[in-house]
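Let's walk through this one together, question by question. Have the viewer open and follow along.

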Amino acid sequence: MPSTSPTVRLTIPFLCNRPQNTYQMLSLDKIWKMLSSGVCTSNAQLPGKVVIVTGANTGIGKETAKDLAQRGARVYLACRDVQKGEQVASEIQATTGNNQVLVRKLDLADTKSIRAFAKDFLAEEKQLHILINNAGVMMCPYSKTADGFEMHIGVNHLGHFLLTHLLLEKLKESGPSRIVNVSSLAHHLGRIHFHNLQGEKFYSAGLAYCHSKLANILFTQELARRLKGSGVTTYSVHPGTVHSELTRHSLFMRWIWQLFFLFIKTPQQGAQTSLYCALTEGLESLSGSHFSDCHLTWVSGQARNETIARRLWDVSCDLLGLPTDWKRKMSISGMESSAFLACVRLWVGSQHCERKQRSLPLT
(Lines give C-alpha, C1' and ligand atoms only; values in the text may rest on other atoms or scores of the structure.)
Protein backbone atom coordinates (compact mmCIF):
# COMPACT_ATOMS: atom_id res chain seq x y z
CA MET A 1 0.00 0.00 0.00
CA PRO A 2 1.25 3.52 -0.77
CA SER A 3 2.44 5.39 2.31
CA THR A 4 0.63 8.52 3.28
CA SER A 5 2.17 11.35 5.24
CA PRO A 6 0.08 12.74 8.08
CA THR A 7 -1.45 16.14 7.46
CA VAL A 8 -0.23 18.73 9.88
CA ARG A 9 -3.05 20.97 11.00
CA LEU A 10 -3.03 24.35 12.63
CA THR A 11 -5.84 25.47 14.89
CA ILE A 12 -6.69 29.15 14.55
CA PRO A 13 -9.37 30.47 16.89
CA PHE A 14 -11.30 33.39 15.46
CA LEU A 15 -12.50 34.25 18.99
CA CYS A 16 -10.63 33.08 22.06
CA ASN A 17 -13.74 32.28 24.12
CA ARG A 18 -15.36 30.04 21.52
CA PRO A 19 -15.54 26.28 22.17
CA GLN A 20 -13.04 24.03 20.39
CA ASN A 21 -15.53 22.67 17.85
CA THR A 22 -16.06 26.13 16.36
CA TYR A 23 -12.38 26.68 15.58
CA GLN A 24 -11.36 26.95 11.96
CA MET A 25 -8.98 24.16 11.03
CA LEU A 26 -6.44 24.95 8.35
CA SER A 27 -3.77 22.54 7.14
CA LEU A 28 -0.29 23.95 6.65
CA ASP A 29 -0.22 22.72 3.06
CA LYS A 30 -3.32 24.83 2.30
CA ILE A 31 -1.75 27.86 3.95
CA TRP A 32 1.36 27.35 1.84
CA LYS A 33 -0.72 27.20 -1.33
CA MET A 34 -2.42 30.45 -0.35
CA LEU A 35 0.94 32.11 0.20
CA SER A 36 2.67 30.76 -2.89
CA SER A 37 -0.21 31.16 -5.32
CA GLY A 38 0.70 33.20 -8.32
CA VAL A 39 4.22 32.52 -9.50
CA CYS A 40 5.82 34.09 -12.55
CA THR A 41 6.93 31.12 -14.64
CA SER A 42 8.40 33.11 -17.52
CA ASN A 43 11.81 31.94 -18.71
CA ALA A 44 12.49 35.25 -20.47
CA GLN A 45 16.10 36.40 -20.46
CA LEU A 46 16.85 40.12 -20.65
CA PRO A 47 20.41 40.72 -21.90
CA GLY A 48 20.57 44.18 -23.48
CA LYS A 49 17.31 45.29 -21.85
CA VAL A 50 17.12 48.33 -19.57
CA VAL A 51 14.82 48.42 -16.54
CA ILE A 52 13.91 50.98 -13.89
CA VAL A 53 12.39 49.86 -10.57
CA THR A 54 11.33 52.59 -8.14
CA GLY A 55 11.65 51.90 -4.43
CA ALA A 56 14.06 49.05 -5.18
CA ASN A 57 16.12 49.31 -2.01
CA THR A 58 13.69 47.24 0.05
CA GLY A 59 10.74 44.83 -0.04
CA ILE A 60 8.95 44.00 -3.26
CA GLY A 61 11.05 46.43 -5.29
CA LYS A 62 14.30 44.83 -4.15
CA GLU A 63 13.08 41.33 -5.04
CA THR A 64 11.75 42.54 -8.40
CA ALA A 65 15.09 44.14 -9.24
CA LYS A 66 16.98 41.04 -8.15
CA ASP A 67 14.93 38.77 -10.42
CA LEU A 68 15.34 41.08 -13.42
CA ALA A 69 19.08 41.34 -12.81
CA GLN A 70 19.25 37.55 -12.62
CA ARG A 71 17.82 37.51 -16.14
CA GLY A 72 20.62 39.73 -17.42
CA ALA A 73 18.92 43.13 -17.54
CA ARG A 74 20.63 46.42 -16.84
CA VAL A 75 18.66 47.47 -13.76
CA TYR A 76 18.36 50.94 -12.25
CA LEU A 77 17.41 51.05 -8.58
CA ALA A 78 15.57 54.37 -8.27
CA CYS A 79 15.74 55.09 -4.54
CA ARG A 80 15.34 57.95 -2.11
CA ASP A 81 17.96 56.45 0.23
CA VAL A 82 21.02 56.13 -2.02
CA GLN A 83 23.26 54.65 0.69
CA LYS A 84 20.81 51.83 1.34
CA GLY A 85 20.36 51.43 -2.40
CA GLU A 86 24.11 50.95 -2.86
CA GLN A 87 24.11 48.20 -0.24
CA VAL A 88 21.23 46.44 -2.01
CA ALA A 89 22.92 46.85 -5.40
CA SER A 90 26.09 45.22 -4.07
CA GLU A 91 24.01 42.37 -2.64
CA ILE A 92 22.19 41.83 -5.95
CA GLN A 93 25.45 41.96 -7.90
CA ALA A 94 27.01 39.34 -5.63
CA THR A 95 23.92 37.11 -5.78
CA THR A 96 23.30 37.30 -9.53
CA GLY A 97 26.76 37.94 -10.93
CA ASN A 98 25.30 40.87 -12.85
CA ASN A 99 27.34 44.03 -12.35
CA GLN A 100 24.87 46.15 -14.32
CA VAL A 101 22.85 47.06 -11.24
CA LEU A 102 22.95 50.82 -10.78
CA VAL A 103 21.62 53.15 -8.09
CA ARG A 104 20.21 56.59 -8.81
CA LYS A 105 18.62 59.13 -6.50
CA LEU A 106 14.84 59.48 -6.85
CA ASP A 107 12.59 61.18 -4.31
CA LEU A 108 9.01 60.86 -5.50
CA ALA A 109 7.95 63.47 -2.94
CA ASP A 110 9.90 66.14 -4.83
CA THR A 111 9.23 66.92 -8.50
CA LYS A 112 12.68 68.50 -8.82
CA SER A 113 14.24 65.16 -7.86
CA ILE A 114 11.99 63.33 -10.33
CA ARG A 115 12.95 65.68 -13.17
CA ALA A 116 16.64 65.44 -12.28
CA PHE A 117 16.47 61.64 -12.24
CA ALA A 118 14.75 61.53 -15.64
CA LYS A 119 17.15 64.06 -17.16
CA ASP A 120 20.22 62.13 -16.03
CA PHE A 121 18.77 58.79 -17.09
CA LEU A 122 17.88 60.04 -20.58
CA ALA A 123 21.40 61.42 -20.97
CA GLU A 124 22.89 58.11 -19.84
CA GLU A 125 20.71 55.54 -21.62
CA LYS A 126 19.54 55.17 -25.19
CA GLN A 127 16.75 52.71 -24.35
CA LEU A 128 14.20 51.83 -21.67
CA HIS A 129 12.22 48.61 -21.95
CA ILE A 130 10.54 48.16 -18.57
CA LEU A 131 9.41 50.76 -16.03
CA ILE A 132 8.11 49.38 -12.74
CA ASN A 133 6.44 52.06 -10.61
CA ASN A 134 6.74 50.20 -7.34
CA ALA A 135 7.59 52.74 -4.61
CA GLY A 136 4.93 53.97 -2.25
CA VAL A 137 3.94 55.20 1.18
CA MET A 138 1.14 53.89 3.40
CA MET A 139 -0.90 55.37 6.23
CA CYS A 140 1.32 58.40 6.82
CA PRO A 141 0.29 61.07 9.31
CA TYR A 142 -0.95 64.09 7.38
CA SER A 143 1.98 65.69 5.61
CA LYS A 144 2.82 67.25 2.27
CA THR A 145 5.41 66.72 -0.41
CA ALA A 146 7.97 69.36 -1.36
CA ASP A 147 5.44 70.66 -3.90
CA GLY A 148 2.54 70.87 -1.46
CA PHE A 149 0.71 67.66 -2.44
CA GLU A 150 -0.80 65.36 0.21
CA MET A 151 1.86 62.68 0.73
CA HIS A 152 -0.11 59.61 -0.47
CA ILE A 153 -1.50 61.13 -3.66
CA GLY A 154 1.77 63.00 -4.20
CA VAL A 155 4.12 60.03 -3.96
CA ASN A 156 1.96 57.06 -4.98
CA HIS A 157 0.20 58.75 -7.90
CA LEU A 158 1.54 62.14 -8.96
CA GLY A 159 5.20 61.19 -8.53
CA HIS A 160 4.87 58.16 -10.78
CA PHE A 161 2.59 60.05 -13.18
CA LEU A 162 5.33 62.65 -13.73
CA LEU A 163 8.12 60.06 -13.94
CA THR A 164 6.19 58.08 -16.56
CA HIS A 165 5.52 61.23 -18.57
CA LEU A 166 9.20 62.18 -18.60
CA LEU A 167 10.30 58.70 -19.73
CA LEU A 168 7.46 57.95 -22.13
CA GLU A 169 9.17 58.94 -25.38
CA LYS A 170 12.14 56.71 -24.51
CA LEU A 171 9.75 53.83 -23.80
CA LYS A 172 8.10 54.38 -27.19
CA GLU A 173 11.43 54.46 -28.99
CA SER A 174 12.43 51.20 -27.28
CA GLY A 175 9.16 49.36 -27.96
CA PRO A 176 7.81 46.88 -27.35
CA SER A 177 8.08 48.10 -23.78
CA ARG A 178 6.02 47.85 -20.61
CA ILE A 179 4.95 49.91 -17.61
CA VAL A 180 3.84 48.18 -14.40
CA ASN A 181 2.08 50.18 -11.68
CA VAL A 182 1.87 48.60 -8.23
CA SER A 183 -1.58 49.22 -6.77
CA SER A 184 -3.49 47.35 -4.06
CA LEU A 185 -6.69 45.52 -3.20
CA ALA A 186 -7.27 48.53 -0.95
CA HIS A 187 -8.36 50.49 -4.02
CA HIS A 188 -11.85 49.04 -3.45
CA LEU A 189 -12.20 51.46 -0.53
CA GLY A 190 -10.84 54.37 -2.52
CA ARG A 191 -12.63 57.38 -4.00
CA ILE A 192 -11.31 60.30 -6.00
CA HIS A 193 -12.60 63.40 -4.23
CA PHE A 194 -11.57 66.14 -6.64
CA HIS A 195 -12.73 68.80 -4.17
CA ASN A 196 -10.45 67.33 -1.49
CA LEU A 197 -7.64 65.73 -3.47
CA GLN A 198 -5.01 67.11 -1.07
CA GLY A 199 -6.91 66.07 2.07
CA GLU A 200 -7.17 69.60 3.41
CA LYS A 201 -10.91 69.44 4.16
CA PHE A 202 -10.92 66.01 5.77
CA TYR A 203 -8.21 63.38 6.15
CA SER A 204 -7.86 59.73 7.05
CA ALA A 205 -4.43 58.12 6.71
CA GLY A 206 -5.95 54.73 5.83
CA LEU A 207 -8.38 56.10 3.26
CA ALA A 208 -5.74 58.41 1.76
CA TYR A 209 -3.73 55.28 0.92
CA CYS A 210 -6.81 53.65 -0.63
CA HIS A 211 -7.53 56.75 -2.73
CA SER A 212 -3.98 56.79 -4.08
CA LYS A 213 -4.14 53.10 -5.00
CA LEU A 214 -7.38 53.75 -6.90
CA ALA A 215 -5.57 56.56 -8.70
CA ASN A 216 -2.88 54.05 -9.76
CA ILE A 217 -5.48 51.89 -11.50
CA LEU A 218 -7.26 54.81 -13.13
CA PHE A 219 -3.91 56.11 -14.40
CA THR A 220 -3.03 52.68 -15.79
CA GLN A 221 -6.30 52.36 -17.69
CA GLU A 222 -6.26 55.87 -19.11
CA LEU A 223 -2.60 55.53 -20.09
CA ALA A 224 -3.37 52.28 -21.89
CA ARG A 225 -6.18 53.93 -23.86
CA ARG A 226 -3.89 56.77 -24.91
CA LEU A 227 -0.99 54.48 -25.83
CA LYS A 228 -2.85 52.15 -28.20
CA GLY A 229 -0.68 51.32 -31.15
CA SER A 230 2.43 52.93 -29.64
CA GLY A 231 4.24 49.71 -28.73
CA VAL A 232 3.99 50.53 -25.01
CA THR A 233 1.62 48.54 -22.82
CA THR A 234 0.78 49.07 -19.17
CA TYR A 235 -0.63 47.02 -16.29
CA SER A 236 -1.58 47.54 -12.64
CA VAL A 237 -1.04 44.87 -10.00
CA HIS A 238 -2.09 43.92 -6.48
CA PRO A 239 1.01 42.24 -4.98
CA GLY A 240 -0.88 40.67 -2.11
CA THR A 241 -0.49 41.32 1.61
CA VAL A 242 3.28 41.45 1.94
CA HIS A 243 5.66 41.72 4.88
CA SER A 244 7.54 44.93 4.07
CA GLU A 245 8.49 48.33 5.44
CA LEU A 246 5.31 49.83 4.00
CA THR A 247 3.57 49.52 7.38
CA ARG A 248 6.24 51.50 9.26
CA HIS A 249 3.89 54.45 9.84
CA SER A 250 1.10 52.38 11.39
CA LEU A 251 1.44 50.58 14.74
CA PHE A 252 -1.99 49.01 14.16
CA MET A 253 -0.99 47.55 10.78
CA ARG A 254 2.26 46.18 12.21
CA TRP A 255 0.23 44.48 14.93
CA ILE A 256 -2.16 43.00 12.37
CA TRP A 257 0.80 41.79 10.28
CA GLN A 258 2.24 40.00 13.33
CA LEU A 259 -1.09 38.51 14.31
CA PHE A 260 -1.68 37.02 10.88
CA PHE A 261 1.95 36.40 9.95
CA LEU A 262 1.14 32.98 8.48
CA PHE A 263 -1.01 34.63 5.81
CA ILE A 264 1.49 37.35 4.90
CA LYS A 265 3.53 36.94 1.74
CA THR A 266 7.27 37.36 1.63
CA PRO A 267 8.61 40.18 -0.55
CA GLN A 268 9.76 37.59 -3.08
CA GLN A 269 6.22 36.21 -3.33
CA GLY A 270 4.85 39.74 -3.50
CA ALA A 271 7.08 40.52 -6.49
CA GLN A 272 5.69 37.71 -8.64
CA THR A 273 2.76 39.57 -10.20
CA SER A 274 4.92 42.58 -11.10
CA LEU A 275 7.36 40.21 -12.77
CA TYR A 276 4.52 38.38 -14.52
CA CYS A 277 3.24 41.61 -16.08
CA ALA A 278 6.73 42.74 -17.01
CA LEU A 279 7.84 39.50 -18.64
CA THR A 280 4.99 37.26 -19.79
CA GLU A 281 4.51 37.02 -23.53
CA GLY A 282 1.10 37.68 -25.07
CA LEU A 283 -0.19 40.24 -22.57
CA GLU A 284 -0.26 43.10 -25.08
CA SER A 285 -3.98 42.76 -25.75
CA LEU A 286 -4.61 43.09 -22.00
CA SER A 287 -2.95 46.48 -21.67
CA GLY A 288 -4.69 48.52 -18.97
CA SER A 289 -5.80 45.43 -17.05
CA HIS A 290 -5.37 44.70 -13.35
CA PHE A 291 -3.63 41.55 -12.08
CA SER A 292 -3.32 39.70 -8.80
CA ASP A 293 -1.50 36.41 -8.14
CA CYS A 294 -0.43 36.43 -11.80
CA HIS A 295 -4.05 36.38 -13.00
CA LEU A 296 -6.52 38.94 -14.25
CA THR A 297 -8.69 40.21 -11.44
CA TRP A 298 -11.69 42.48 -10.96
CA VAL A 299 -11.45 46.12 -10.01
CA SER A 300 -14.03 48.28 -8.28
CA GLY A 301 -16.75 50.20 -10.10
CA GLN A 302 -14.88 53.43 -9.39
CA ALA A 303 -11.78 51.98 -11.04
CA ARG A 304 -13.77 51.25 -14.21
CA ASN A 305 -15.12 54.80 -14.52
CA GLU A 306 -13.58 56.30 -17.68
CA THR A 307 -14.93 59.77 -16.93
CA ILE A 308 -13.13 59.86 -13.58
CA ALA A 309 -9.97 58.47 -15.19
CA ARG A 310 -9.93 61.18 -17.86
CA ARG A 311 -10.61 63.92 -15.34
CA LEU A 312 -7.91 62.63 -12.98
CA TRP A 313 -5.49 62.64 -15.90
CA ASP A 314 -6.24 66.27 -16.74
CA VAL A 315 -6.13 67.37 -13.09
CA SER A 316 -2.80 65.57 -12.63
CA CYS A 317 -1.36 67.37 -15.66
CA ASP A 318 -2.51 70.71 -14.27
CA LEU A 319 -1.09 70.04 -10.80
CA LEU A 320 2.27 69.01 -12.24
CA GLY A 321 2.43 71.84 -14.72
CA LEU A 322 2.61 69.49 -17.68
CA PRO A 323 1.93 71.18 -21.03
CA THR A 324 -1.61 70.83 -22.32
CA ASP A 325 -0.24 69.78 -25.70
CA TRP A 326 0.96 66.56 -24.03
CA LYS A 327 -2.66 65.81 -23.14
CA ARG A 328 -3.65 66.53 -26.74
CA LYS A 329 -0.81 64.52 -28.26
CA MET A 330 -1.59 61.53 -26.07
CA SER A 331 -5.25 61.70 -27.03
CA ILE A 332 -4.36 61.96 -30.71
CA SER A 333 -1.98 59.02 -30.56
CA GLY A 334 -4.70 56.91 -28.99
CA MET A 335 -7.17 57.81 -31.76
CA GLU A 336 -4.63 57.90 -34.59
CA SER A 337 -5.57 54.62 -36.24
CA SER A 338 -9.33 55.24 -36.12
CA ALA A 339 -8.88 58.78 -37.46
CA PHE A 340 -6.75 57.45 -40.31
CA LEU A 341 -9.39 54.87 -41.21
CA ALA A 342 -12.07 57.57 -41.19
CA CYS A 343 -10.01 59.67 -43.62
CA VAL A 344 -9.51 56.66 -45.89
CA ARG A 345 -13.25 56.00 -45.92
CA LEU A 346 -13.95 59.64 -46.85
CA TRP A 347 -11.40 59.54 -49.62
CA VAL A 348 -12.73 56.24 -51.01
CA GLY A 349 -16.26 57.62 -50.86
CA SER A 350 -15.30 60.78 -52.75
CA GLN A 351 -13.51 58.75 -55.42
CA HIS A 352 -16.54 56.53 -55.84
CA CYS A 353 -18.84 59.55 -56.28
CA GLU A 354 -16.45 61.09 -58.80
CA ARG A 355 -16.35 57.94 -60.91
CA LYS A 356 -20.13 57.65 -60.74
CA GLN A 357 -20.56 61.24 -61.99
CA ARG A 358 -18.18 60.62 -64.89
CA SER A 359 -20.23 57.62 -65.99
CA LEU A 360 -23.53 59.55 -66.15
CA PRO A 361 -24.75 60.35 -69.75
CA LEU A 362 -24.87 63.99 -70.84
CA THR A 363 -28.39 65.50 -71.16
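Q: How far apart are the closest N and O atoms in the salt bridge between Lys170 and Glu173?
A: This is a predicted model, where local features need pLDDT of at least 70 and side-chain atom pairs count only at pLDDT 80 or more, while totals for chains, interfaces and linings use all residues. Residues are numbered from 1 along each chain as its sequence is written, and side-chain values use heavy atoms, with hydrogens and water left out. A salt bridge here is a side-chain nitrogen of Lys or Arg within 4 Å of a carboxyl oxygen of Asp or Glu. For Lys170 and Glu173, the closest N and O atoms are apart by 3.7 Å.

Q: Which helix holds both Lys170 and Glu173?
A: Helices (H or I, at least four residues) and strands (E, at least two) are DSSP runs, numbered from the N terminus. Lys170 and Glu173 are three residues apart, about one turn of the helix, and both lie in helix 5.

Q: Is Glu173 buried or exposed?
A: Buried means under 20% relative accessible area, exposed over 50%, and partly exposed in between, with a 1.4 Å probe and protein chains only. Its partner Lys170 has 14% relative accessibility, so Lys170 counts as buried. Glu173 has 57% relative accessibility and therefore counts as exposed.

Q: Which residues do salt bridges with shared partners join into one network?
A: The structure holds 13 salt bridges. Some of them share partners, and the one network they make joins Glu222, Arg225, Arg226, Glu306 and Arg310.

Q: Where in the chain does Glu125, the partner of Arg74, lie?
A: The side chains of Arg74 and Glu125 meet in a salt bridge at 2.3 Å, N to O. The pair links distant parts of the chain, 51 residues apart: Arg74 is in strand 4, and Glu125 is in the loop between helix 4 (111-124) and strand 6 (130-133).

Q: Is Glu125 buried or exposed?
A: Arg74 has 22% relative accessibility, so Arg74 counts as partly exposed. Glu125 is at 10% relative accessibility and therefore counts as buried.

Q: How many residues of strand 4 are buried?
A: Strand 4 covers residues 74-79 and is mostly covered. Of its six residues, the number buried is five.

Q: Which residue of strand 4 stands opposite Val50?
A: Two strands pair if DSSP finds at least two bridges between them. Strand 3 (residues 50-54) and strand 4 run parallel and are joined by five bridges. Opposite Val50, in strand 4, stands Arg74.

Q: Which residue of strand 5 stands opposite Ala78?
A: Strand 4 also pairs with strand 5 (residues 101-105) in the parallel sense, over five bridges. Opposite Ala78, in strand 5, stands Arg104.

Q: Which helix makes a right-handed β-α-β unit with strand 4 and strand 5?
A: A crossover is right-handed if, with the strands pointing away from the viewer, the path from the first strand over the helix to the second runs clockwise. Strand 3, helix 2 (residues 59-70) and strand 4 make one such right-handed unit. For strand 4 and strand 5, the helix is helix 3 (residues 82-96).

Q: Which strands are the edge strands of the open sheet?
A: Eight strands form the open sheet, in the order 5-4-3-6-7-8-9-10, and the pairing is mixed. Each edge strand pairs on one side only, and these strands are strand 5 and strand 10 (295-296).

Q: What is the bridge partner of Val237 in strand 9?
A: Strand 8 (residues 232-238) and strand 9 (residues 290-292) pair in the parallel sense over three bridges. In strand 9, the partner of Val237 is Phe291.

Q: Is Glu200, the salt-bridge partner of Lys144, buried or exposed?
A: The side chains of Lys144 and Glu200 meet at 2.7 Å, N to O. Lys144 is in the loop between strand 6 and helix 5 (151-173), Glu200 in the loop between strand 7 and helix 6 (205-226), 56 residues apart. Lys144 is partly exposed, with a relative accessible area of 39%. Glu200 is at 57% relative accessibility, so Glu200 counts as exposed.
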